[in-house]
Amino acid sequence: MIIFGSRGYLYQLAVLTLVCGWCGNPAAHTLRKRVTKFTLFFVPLFPFSTKYATQCTFCGGEQRIPKEQADQLLAQHAAAQGGNPFGPAQGQGPGQPGYAQGGQGQNPYQH
């Protein structure tokens, strides 16, 4: 007996500020990529479907977009973030801006 099927994977690529086509509000939209893979014995082997969509965080409206438009939105987002597609918070650690060192950041709940 051979067990086969498919499984979907959802990836959040970016959070963008756009004017929603459903509610008309300028709001944050998540850019998502859905990949459906063929599975054999519950092991994902290869993708056979890839779809892109944006979803408004204000009203929840979702709109499918072509791959070319998703790539363009992702490139615009990366340019707005200074070339870092994950935003300014990623990759920061001790000794870098935005990270409190040895006693500089006081805990407001300590007395």
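## Strands, helix and overall layout

Two strands count as paired if DSSP finds at least two bridges between them. Strands themselves (E, at least two residues) and helices (H or I, at least four) are DSSP runs, numbered from the N terminus. With that in hand, here's the first pairing: E1 and E2 run antiparallel and are joined over 15 bridges.

Before going further, a word on what you're looking at. This is a predicted model, in which local features need pLDDT of at least 70, side-chain atom pairs count only at pLDDT 80 or more, and totals for chains, interfaces and linings use all residues. Residues are numbered from 1 along each chain as its sequence is written, and side-chain values use heavy atoms, with hydrogens and water left out.

The protein has four strands and one helix, and along the sequence they follow the pattern β-β-β-β-α. Of its 111 residues, 22% count as buried, where buried means under 20% relative accessible area, exposed means over 50%, and partly exposed is in between (1.4 Å probe, protein chains only).

## Two hairpins

Let's go back to E1 and E2. They make a hairpin with six residues between them, and Gly-24 in that turn has a positive phi of about 80°. For a landmark along the pairing, find Leu-18, which stands opposite Ala-27 in E2.

The other hairpin is built from E3 and E4, with five residues between the strands; here it's Gly-60 in the turn that has a positive phi, of about 85°. E3 (residues 43-56) is joined to E4 (residues 62-65) by four bridges, and the two run antiparallel. Tyr-52 is a handy marker here, as it stands opposite Ile-65 in E4.

## The loop between E2 and E3

Next, the link from E2 to E3. Most residues other than glycine have a negative phi. Phe-41, in the loop between E2 (26-40) and E3, has a positive phi near 55° without being a glycine. Phe-42 sits in the loop between E2 and E3 too, and its phi is also positive, at about 65°, although it is not a glycine. How exposed are they? Phe-41 is partly exposed at 42% relative accessibility, while Phe-42 counts as exposed at 69%.

A little further on comes Pro-44, which lies in E3 and is partly exposed, with 35% relative accessibility. Its C-alpha atom is 7.4 Å from that of Arg-7, although 37 residues separate Pro-44 and Arg-7 along the chain.

## A nonpolar patch on the surface

Phe-41 and Phe-42 turn up again in a nonpolar surface patch, together with Met-1, Ile-2, Ile-3, Phe-4, Leu-40, Val-43, Leu-45, Phe-46 and Phe-48. Patches are made of residues with over 30% relative accessible area and no salt bridge, with like charges joined within 9 Å and nonpolar side chains (Val, Leu, Ile, Met, Phe, Trp, Tyr) within 5 Å. The patch members have about 1,300 Å² of accessible area together, worked out by the Shrake-Rupley method with a 1.4 Å probe, where only the protein chains shown count as cover for residues.

Which strand gives the most to this patch? That's E3, with four residues. Ile-2, by contrast, lies in the segment before strand E1 (4-19) and is exposed at 61% relative accessible area.

## Rings and charges

The whole structure holds two aromatic pairs. In one of them, Phe-38 and Phe-46 have ring centres 5.4 Å apart and planes at 25°, so the pair is stacked. For the cut-offs, rings of Phe, Tyr and Trp (its six-membered ring) pair if their centres lie within 6.5 Å; planes under 30 degrees apart are stacked, over 60 edge-to-face, and the rest tilted. Phe-38 is partly exposed at 23%, as is Phe-46 at 44%. Phe-4 joins Phe-38 and Phe-46 in one aromatic cluster.

Elsewhere, the charged end of Lys-37 sits over the ring of Tyr-9, 5.2 Å from its centre. That label needs NZ of Lys or CZ of Arg within 6 Å of the ring centre and within 35 degrees of the ring normal.

Finally, the structure has one salt bridge, meaning a side-chain nitrogen of Lys or Arg within 4 Å of a carboxyl oxygen of Asp or Glu. Its partners are Asp-71 and Lys-67, at 2.9 Å from N to O. Both belong to helix H1 (residues 67-80), four residues apart, or about one turn of the helix. Asp-71 is partly exposed at 35%, and Lys-67 is partly exposed at 43%.
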